[in-house]
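User: I'm new to this one and would like to learn how to read it. Could you walk me through it, one feature at a time?

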Amino acid sequence: MQILTTIPGMQTAVQNLRASASGSQEKATLGLVPTMGALHAGHLSLIAAAKRDCRHVAATIFVNPLQFAPAEDFALYPRSFDEDCAQLESAGVDILFAPSPETMTPPDAVTFVDAPGLSDRLDGAFRPGHFRGVATIVAKLFHIIAPHCAYFGQKDAAQLAVLRAMVRDLNFPIQLIACPIIREPDGLAMSSRNRYLSPTDRTRAAILYQSLLCAAKLHAAGVHRAAALIDKLREHLTVDPALTIEYAAAVDPDTLLPIENTSQLTLLAVAAKIGNTRLIDNILLEARHV
């Protein structure tokens, strides 16, 4: 696995990969898996999906300062670069791009990518500027690496909506692929931030997925009103009085706007703080006639 830290070096490495694959139409030439490191089985599932679809796979490790507010956990965000590199190499990644903050966010930069309105929904309502930071850096990665396909986890559903809009509106010739959430045995969605949880809070954290399952069970029983599903979500979450709910929502997965019923594909999403750790989770409900 090649490890590149500069933009010219990464662009040259990608050009060399493309040249080595010229003439083959079997698979897309290059798949990209952007990460912030602190890798877990969820990230490795994205690598596996990229390897399934693509001739070559690139990954990135970059803890993006633009997506953290001043009071958030940028300095404390888990970093395990050597361990991450070993995992990526074992998984068959061809190229790793691991730039410095100075490379990706120079102090004289004045241009950003934003999706006003969309960026202010769900997580964006609680993390102002977060999705502007995400979209700006992902756009730069797309420009530098020019993959055919890019792979993201469904856990970050609001991020997916913002990036889909960015790819569409800026005409990136890239297929954005959402991959299923990978869960712990008790259902907790895998996340680098799970490392922050104390043993007690880790046990409590399973309530997020349990609440989603309760609402999904209600939906399967024939309840299609979004308000009733959200009430069920909140009812189950409040079993833990120390948990702080940020949102419990039923929205369109592309626009993130609230819906009234599940006559369309519905994103049922939740965000909550357990101790000092903010966690998110979601499930998709298939459309039902109402």
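User: Let's start with Leu122. Is Leu122 buried or exposed?

Analyst: Keep in mind that this is a predicted model. The idea is to look at the relative accessible area, where under 20% means buried. Leu122 has a relative accessibility of 10%, so it counts as buried. You'll find Leu122 in the loop between helix 4 (101-104) and helix 5 (123-126).

User: What about the backbone there: what is the phi of Leu122?

Analyst: Leu122 has a positive phi of about 50 degrees, although it is not a glycine. Ala146 is another case to look at: its phi is near 50 degrees, again a positive value in a residue other than glycine.

User: Where does Ala146 lie, and how accessible is Ala146?

Analyst: Ala146 lies in the loop between helix 6 and strand 5 (149-153). Its relative accessibility is 34%, so Ala146 counts as partly exposed.

User: Helix 6 came up just now. How do I read the packing of two helices?

Analyst: Two packed helices are described by the angle between their axes and by the distance between those axes. Take helix 6 (residues 130-145) and helix 7 (residues 157-169): their axes come within 10 Å and cross at roughly 50 degrees. That angle makes helix 6 oblique to helix 7. As for handedness, helix 6 passes helix 7 in a right-handed crossing.

User: Which residues of helix 6 and helix 7 meet?

Analyst: On the helix 6 side you have Phe131, Val134, Ala135, Val138, Ala139 and Phe142, and they meet Ala158, Gln159, Val162, Leu163, Met166 and Val167 in helix 7. Sorted by class, the contact of helix 6 with helix 7 has 11 nonpolar residues, 1 polar and no charged.

User: Let me try another pair. At what angle do helix 2 and helix 3 pack?

Analyst: Helix 2 (residues 41-53) and helix 3 (residues 81-91) pack at an angle of about 30 degrees, and their axes are 10 Å apart. Angles under 35 degrees count as roughly parallel, and that makes helix 2 roughly parallel to helix 3. The crossing of helix 2 and helix 3 is right-handed.

User: And which residues make the contact between helix 2 and helix 3?

Analyst: Helix 2 brings Leu44, Ile47 and Lys51, while helix 3 brings Gln87, Leu88 and Ala91. Split by class, the contact of helix 2 with helix 3 has 4 nonpolar, 1 polar and 1 charged residues.

User: Now cysteines. How many disulfides are there?

Analyst: The thing to check is whether two cysteine sulfur atoms sit within 2.5 Å of each other. By that rule the count comes to 0 disulfides. Cys179, for instance, is in no disulfide, and the nearest cysteine sulfur, that of Cys149, is 10 Å away. Cys179 is buried, with a relative accessible area of 6%. Cys214 is partly exposed, at a relative accessible area of 27%.

User: How do I read residues that are apart in sequence? Say, how far is Glu260 from Arg225 in space?

Analyst: You set the separation along the chain beside the distance between C-alpha atoms. Glu260 and Arg225 are 35 residues apart along the chain, and their C-alpha atoms are separated by 6.1 Å. Leaving out residues up to four places away in sequence, Glu260 touches His224, Arg225 and Ala226. Glu260 is in the loop between strand 7 (244-251) and strand 8 (266-274), and it is exposed, with a relative accessible area of 71%.

User: What do Gln210 and Ala220 look like when read that way?

Analyst: Gln210 is found in helix 9 (residues 207-220). Gln210 and Asp186 are 24 residues apart in sequence and 9.0 Å apart in space, C-alpha to C-alpha. Gln210 is partly exposed, at 37% relative accessible area. Ala220 is also in helix 9. Ala220 and Leu243 are 23 residues apart along the chain, with 27 Å between their C-alpha atoms. Ala220 is exposed, with a relative accessible area of 52%.

User: One last stop: which residues does Asn194 touch?

Analyst: Asn194 touches Leu188, Ala189 and Leu279, not counting residues up to four places away in sequence. Asn194 sits in the loop between strand 6 (175-179) and helix 8 (199-204). With a relative accessible area of 13%, Asn194 is buried.

How values were computed:
Residues are numbered from 1 along each chain as its sequence is written. This is a predicted model: local features need pLDDT of at least 70, side-chain atom pairs count only at pLDDT 80 or more; totals for chains, interfaces and linings use all residues. Side-chain values use heavy atoms; hydrogens and water are left out. Axes are lines fitted to C-alpha atoms, for helices over the stretch in contact, and angles run from 0 to 180 degrees between N-to-C directions. Helices (H or I, at least four residues) and strands (E, at least two) are DSSP runs, numbered from the N terminus. Angles under 35 degrees count as roughly parallel, over 145 as roughly antiparallel, 65 to 115 as roughly perpendicular and the rest as oblique. A crossing is left-handed if the near helix is turned anticlockwise from the far one by less than a right angle, and right-handed if clockwise. Contact means heavy atoms within 4.5 Å. Ala, Val, Leu, Ile, Met, Phe, Trp, Tyr, Cys and Pro count as nonpolar, Asp, Glu, Lys and Arg as charged, and the others, Gly among them, as polar. Buried means under 20% relative accessible area, exposed over 50%, partly exposed in between (1.4 Å probe, protein chains only).
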